[in-house]
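Let's take a walk through this fold, helix by helix. Pull up the viewer and follow along.

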Amino acid sequence: MQATAQAVKQITPTRLYCTAMTGRREKKSPYFGEVLRAYRLEKQFTQEQLSERVDVLRSFISSLENGTRQPSFEMIFRLAKALGITPGQLLDPVAEKMEQK
């Protein structure tokens with residue numbers, strides 16, 4: 001099983017890790033979290049305020065921002081709505097950062 005987990009890490013282009021294979025929570029791509037944090041701060045929201053608007057725990061917002069969790073498709077829409085932006089405005093900078101890497 002360990003060899004398979006290593007193979008998954010090597011072939012994943014964005015260096016997202018398969019936590020189901022390793023059983024450990026590992027750092028994922030930081031780009032979404034960086035963009036989310038920038039928009040949250042631009043709107044002058046605390047993590048707590050954003051979490052209340054999205055109806056999640058503050059620790060979930062923190063995990064998104066520090067790159068240990070990645071959002072679902074639905075969560076991207078909920079976050080964008082709470083921030084008063086479109087999902088595209090949230091994802092386009094992520095795509096640009098990934099292309100530059």
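Start where two helices meet, keeping in mind that this is a predicted model. The axes of helix 3 and helix 5 come within 6 Å and cross at roughly 120°, which makes helix 3 oblique to helix 5. By class, their contact is made of two nonpolar, two polar and four charged residues. On the helix 3 side you'll find Gly-33, Glu-34, Leu-36, Arg-37 and Arg-40, and these meet Leu-64, Glu-65 and Asn-66 of helix 5.

Now zoom in on the charges. Arg-37, Arg-40 and Glu-65 are linked in a network of salt bridges. Glu-65 pairs with Arg-40, with 2.5 Å between the closest N and O atoms; this joins helix 5 to helix 3 across 25 residues of chain. The other partner is Arg-37, at 3.3 Å from N to O. Since Arg-37 lies in helix 3 and Glu-65 in helix 5, that pair ties together parts that are 28 residues apart in sequence. How exposed are the players? Glu-65 is buried, at 2% relative accessible area, and Arg-40 is buried too, at 8%, while Arg-37 is partly exposed at 32%.

The whole structure has four salt bridges, and one of them sits within helix 6: Arg-78 with Glu-74, the closest N and O atoms being 3.7 Å apart. These two are four residues apart, so about one helical turn separates them. Here Glu-74 is exposed at 52% and Arg-78 is partly exposed at 30%.

Back to helix 5, which spans residues 58–66 and has Phe-60, Ile-61, Ser-63, Leu-64 and Glu-65 buried. Their cover includes helix 3, helix 4 and helix 6. Just after helix 5 comes Gly-67, with a positive phi near 85°.

What about the greasy part? In soluble globular proteins, nonpolar side chains tend to be buried together. In this model the largest nonpolar core has 20 residues, and Phe-32, Leu-36, Leu-50, Leu-79, Leu-83 and Leu-90 have the most contacts inside it. Helices 3, 4, 5, 6 and 7 each give two or more residues, with helix 6 giving the most, six. Click on Leu-79: beyond its sequence neighbours, its contacts are Phe-32, Leu-36, Leu-50, Val-54, Ile-61, Leu-64 and Leu-90.

For a last stop, look at Arg-53 in helix 4, which is exposed at 53% relative accessible area. Setting aside neighbours within four places in sequence, Arg-53 is in contact with Phe-45 and Ala-82. Arg-53 and Leu-83 are 30 residues apart in sequence, yet their C-alpha atoms are 8.8 Å apart.

Terms used: Residues are numbered from 1 along each chain as its sequence is written. This is a predicted model: local features need pLDDT of at least 70, side-chain atom pairs count only at pLDDT 80 or more; totals for chains, interfaces and linings use all residues. Side-chain values use heavy atoms; hydrogens and water are left out. Buried means under 20% relative accessible area, exposed over 50%, partly exposed in between (1.4 Å probe, protein chains only). Contact means heavy atoms within 4.5 Å. Axes are lines fitted to C-alpha atoms, for helices over the stretch in contact, and angles run from 0 to 180 degrees between N-to-C directions. Angles under 35 degrees count as roughly parallel, over 145 as roughly antiparallel, 65 to 115 as roughly perpendicular and the rest as oblique. Ala, Val, Leu, Ile, Met, Phe, Trp, Tyr, Cys and Pro count as nonpolar, Asp, Glu, Lys and Arg as charged, and the others, Gly among them, as polar. A nonpolar core is a set of buried Ala, Val, Leu, Ile, Met, Phe, Trp, Tyr and Cys residues joined through side-chain atoms within 4.5 Å. A salt bridge is a side-chain nitrogen of Lys or Arg within 4 Å of a carboxyl oxygen of Asp or Glu.
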